[in-house]
Amino acid sequence: MLLGRRAFALLATLSTAVTAAVVVTAPQAVSAANTAYVFAYFTETPNMSGANYGLHLAVSQDGLNWSPLNQNNPVATPTAGTLGLRDPFILRKQDGTFVVLATDLNGTDFGQNNQYLHVWDSTNLTSFTGYRRIRMHGLNTHTWAPTAFWDAARGQYGIVYSANNGTDVFMVNYTSDFRTVSTNQVYFSPGFPVLDSDIVVDGATYYMYYKNLSNGLIYGARSSTGAPNSYTTYTSGLRQGNAMEAPLLVKNNEGNGWRLWGDSFSPVNNDFYAWSSSNVGGNSWTVLNQRTYTPPLNAKHGSIVGISSTEYSALVSRWGLPNWTRLKSSNFPDRYVRHANNVGRIDAYPFDPHQDQLWRMVPGLADSAGVSFQSVNVPTRYLRHSDYAIRLDVDDSTATFRADATFYRVAGLADAAWSSFRSYNFPDRYLRHSNYLLRIDPLSASSSASDRQDATFRVAP
């Protein structure tokens, strides 16, 4: 994207040793066009066995289907304060580099007061430098869920976060360097408690999405200046599932639409939902089918920012893509193939142990042109059919086992962009679910639509 121009003051020392203030207008760095996205987050699972309060990254080329980097391990971890983070936020600064902000909270003690934010600098998110904490206020309250934006009128960045000054409000501090900040002031207090703002500047309009704690719905507000207390709510309330928070507003790289993400925490913790709109200012959000998107594994409240193809390649090269995959059901897109008690089935995500849904698709044990599914957390076992039912069994090195555990990956019977898996030794039968249990059944292009959907999966990280 083409960044704007800003004025800044230089002190020029004249040859007469007289120092004068000279105001100069200088162009900002020009970044390559954004063609991909990066997602920053932390992780939790329903029983917290998958919780990790470091900085995690995932990448996507379509902004919908995400591949965790570094095997879904953190790429940076705080070394001061609580030694953990929540709610990481990435901002591309005016010079084209990045700054990362995060809540200083290690775990779920939401009654803990903390006046600080974690901060890192980064050139292209392949390394993180200058780690520090910055003190945002002196109040006896928290400093949660930071977001930041460039305020062109001020020539500074605004850092907005959730705090409580008798009620839940958004506070703002202004900064030029993310090291020293102005005195905090109330940014948004609409007369009801609010949480989790996300601010995106589009042209001359500042859009802020937030959660109304009184009714649990997500709303959008906008301002023509971005100044404190200048926002007007303009959308109806949004929610999917029972309870959600942490709205993430993202403009598509193609420039022809927007997406809004929300983080669900009930009835189970740790699931994302999404909407789309062709007009962010029009109060016309459409629910996206979960077939359309696959959030990063175990991801919680974070942020999404556009990146160039060069930055995408650098991230993949530095941190690596997953060495495992997941199989997402076509007609039950909230469910993934997993093993439980050594039986193959599809269950609604999220669940624990979360590793039960992770597979290594290795060359077929009976034919390397096919594939076999090796369990990540029980690597001696593979999915195989026995009496047509799918089990997770130990490879006994017999020809029968190798044949039963081998499948050919073909175009999806219900959707050619997805995949179906044909049995090696029963070539008229395909891997499918029935009553959520996996088995192989005779199927073809002439089978019923529901049967073909049962046998169609998305191979996703």
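The lining of the second largest pocket is a mixed one: 7 of its residues are nonpolar, 4 are polar and 7 are charged. Keep in mind that you are looking at a predicted model. Below, we visit this pocket, then a sheet of four strands, and finally a hairpin.

**The second largest pocket**
- This pocket holds about 290 Å³ of space.
- Its lining is made up of 18 residues, and those closest to the centre are R86, D87, F110, L195 and E245.
- Several strands help to build the lining: β6, β10 (144-151), β14 (194-202), β19 (258-266) and β22 (299-308) each give at least two residues to it.

**A sheet with four strands**
- Let's follow β6 into its sheet, which is open, has 4 strands in the order β6-β7-β8-β9, and is paired in the antiparallel sense.
- Which strands sit at the edges of this sheet? They are β6 (86-92) and β9 (129-135), and each of them pairs on one side only.
- From one strand to the next, the sheet twists by 20° on average.
- Inside the order, β7 (residues 98-103) and β8 (residues 116-122) are antiparallel partners joined by 6 bridges.
- To see this pairing for yourself, find V99, which has D121 of β8 opposite it.

**A hairpin further along**
- Strands β28 (residues 381-386) and β29 (residues 389-394) run antiparallel, with 6 bridges between them.
- One pair to look for is R381 with V394, its bridge partner in β29.
- How many residues lie between the two strands of this hairpin? There are 2, and D387 in the turn has a positive phi of about 55°.

How values were computed
Residues numbered from 1 in each chain as written. Predicted model: local features only at pLDDT ≥ 70, side-chain atom pairs only at ≥ 80, totals over all residues. Heavy atoms only, no water. Pairing = 2+ DSSP bridges. Axes fitted to C-alpha atoms, helices over the stretch in contact; angles between N-to-C directions. 1 Å grid on protein atoms, 1.4 Å probe; cavity = no way out; pocket = protein on both sides within 12 Å on 5 of 7 lines; lining within 4 Å. Points joined across faces, edges and corners; volume = space filled by probe spheres on them. Nonpolar A, V, L, I, M, F, W, Y, C, P; charged D, E, K, R; others polar.
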